[in-house]
Amino acid sequence: MDPYLAWIDSQQAAMETLLVDWASINTGTYHVAGVQHLANEVAGQFEPIAESILRLPLPNHLETDNRGYATPLPLGDSLVITRRSDAPLQAVLAIHLDTVYPVDSPFQKVDCTADQIKGPGVADAKGGLVVLLYSLLAFERYAAETGDRRLGWRVILNSDEEIGSPSSADVFARYADGADFGMLYEPSLPNGNLVGQRGGSGNFSIIARGRSAHAGREFAAGRNAVIAAATAANRLHQLNGRWPGVTVNVARIDGGSPYNVVPDVAIVRFNIRYPRPELETEISAALDEIVAVAEEGISLTLQGKFSAPPKLIDERHAALLQQIRGCGLSQGLDLQWEPSGGVCDGNRLSALGVPNVDTLGVRGGEIHSVNEYMWRASLAERAKLSASFLITKSLAGK
Ligand SMILES: [Zn+2]
């Protein structure tokens, strides 16, 4: 094992250069040209160790506009890269190419200090992308030199994670299916710890449609959609406290009209977080109840779904976390895991029956802000953690 981990240490400078290059490419989710550019660069880096590289165009994301109509938003491609798909033990490694910073964000520049790299997506998740690549490069050096062919892998790099993976969910369903375990490269917690259990999440909207009318001449003929939306928002907010651990966040109300018109459309947008999958049924029933009660002349339509089911730490997840912890200990890392209310594609893998550890990326912090940073030393540190885990799994076989 040691020579392969030593090789990773020798690659620290190359990893840093690659991270700076990749973070300098803007890959805001809707910046399709940027995502395509990064997908090309990344595919080139995987070429020496890949048996196949699939470039998968994603269907447009449909977003409800302020009039309640679906607007198609194009997305960049996702990548699926495989090696030894016939091996008895199959790993799925995944992370996203997109970031939360749009092409016109003021945060574009990448800066290096003695210990850190600061820049858009350096922790979430391009640092993780570099870690993923180098742990596989090291693993393939091991496999080539020892002839060990027990472990095959597929890498899924999606391009819409920062908007909840609406279009790449099908890519996971297809290519993660049947994998024995999953490794996801979201950043670790700032203290270096991993995330264990995660809550579930769903984004929804209620579209209220009424009837417009002149506010002076025919007020009574109008049916006010803004009031209907406000009433629905209030009822949604009252769901807080009904089930332990469930939160309903009314995030935005869009719609309305000029002062002198009774508004005919308004949209309430809200997010639900929940701790256990079986709550989905009860929560859905409560939402249906809210849209079922509308005044004469008003229609309420519910859109959206629970997109990331809760990730619970069952026996298989706990065993995986313990194995990662063991690999960490042998390198002087005392890794613990903590629950999180945030969701990621690890929720999705769990729902597909693939136990996974989802914070194997770099140590960093202030993600989704203009102060995002990562610790340079964590590139080699975390790549060694993953590589040793892959070698250990391969040695153990199925
Ligand atoms: Zn992320």
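In this predicted model, the side chains of Arg 363 and Glu 381 form a salt bridge, with N and O 2.8 Å apart. Distant parts of the chain are linked by this pair: Arg 363 lies in the loop between E18 and E19, whereas Glu 381 belongs to helix H10 (residues 378–396), and 18 residues separate them. Arg 363 and Glu 381 are both buried. For Glu 381 the relative accessibility is 16%, and the residue counts as buried because the limit is under 20%.

Glu 381 also takes part in a salt bridge with Arg 382, where the closest N and O atoms are 2.8 Å apart. Arg 382 has a relative accessibility of 1% and is therefore buried as well. Glu 381 is thus paired with Arg 363 and with Arg 382.

A further salt bridge joins Arg 198 to Asp 358, with a distance of 2.7 Å between the closest N and O atoms. This pair, too, connects distant parts of the chain. Arg 198 is in strand E10 (residues 194–198), while Asp 358 is in the loop between strand E18 (356–357) and strand E19 (364–365); the two are 160 residues apart. Arg 198 counts as buried because its relative accessibility is 7%, and Asp 358 counts as buried because its value is 0%.

Salt bridges also occur as a network, in which Glu 51, Arg 83, Arg 84 and Glu 140 are linked. The count of salt bridges in the model comes to 20. In general, side chains of opposite charge can pair when their charged atoms come close.

The nonpolar residues were examined next. In soluble globular proteins, nonpolar side chains tend to be buried together. In this model, the largest nonpolar core consists of 68 residues, and Phe 46, Leu 93 and Leu 157 have the most contacts inside it. Helix H4 (residues 122–146) supplies the largest share of this core, with 15 residues. A second core, separate from the largest one, has 27 residues, among them Tyr 274, Ile 283, Ile 290 and Ile 298.

The surroundings of Leu 93 were listed without its neighbours within four places in sequence. On that basis, Leu 93 is in contact with Leu 132 and Leu 136, with Trp 153, Arg 154, Val 155 and Ile 156, and with Met 183, Tyr 185 and Leu 390.

Notes: Residues are numbered from 1 along each chain as its sequence is written. This is a predicted model: local features need pLDDT of at least 70, side-chain atom pairs count only at pLDDT 80 or more; totals for chains, interfaces and linings use all residues. Side-chain values use heavy atoms; hydrogens and water are left out. A nonpolar core is a set of buried Ala, Val, Leu, Ile, Met, Phe, Trp, Tyr and Cys residues joined through side-chain atoms within 4.5 Å. Buried means under 20% relative accessible area, exposed over 50%, partly exposed in between (1.4 Å probe, protein chains only). Helices (H or I, at least four residues) and strands (E, at least two) are DSSP runs, numbered from the N terminus. Contact means heavy atoms within 4.5 Å. A salt bridge is a side-chain nitrogen of Lys or Arg within 4 Å of a carboxyl oxygen of Asp or Glu.
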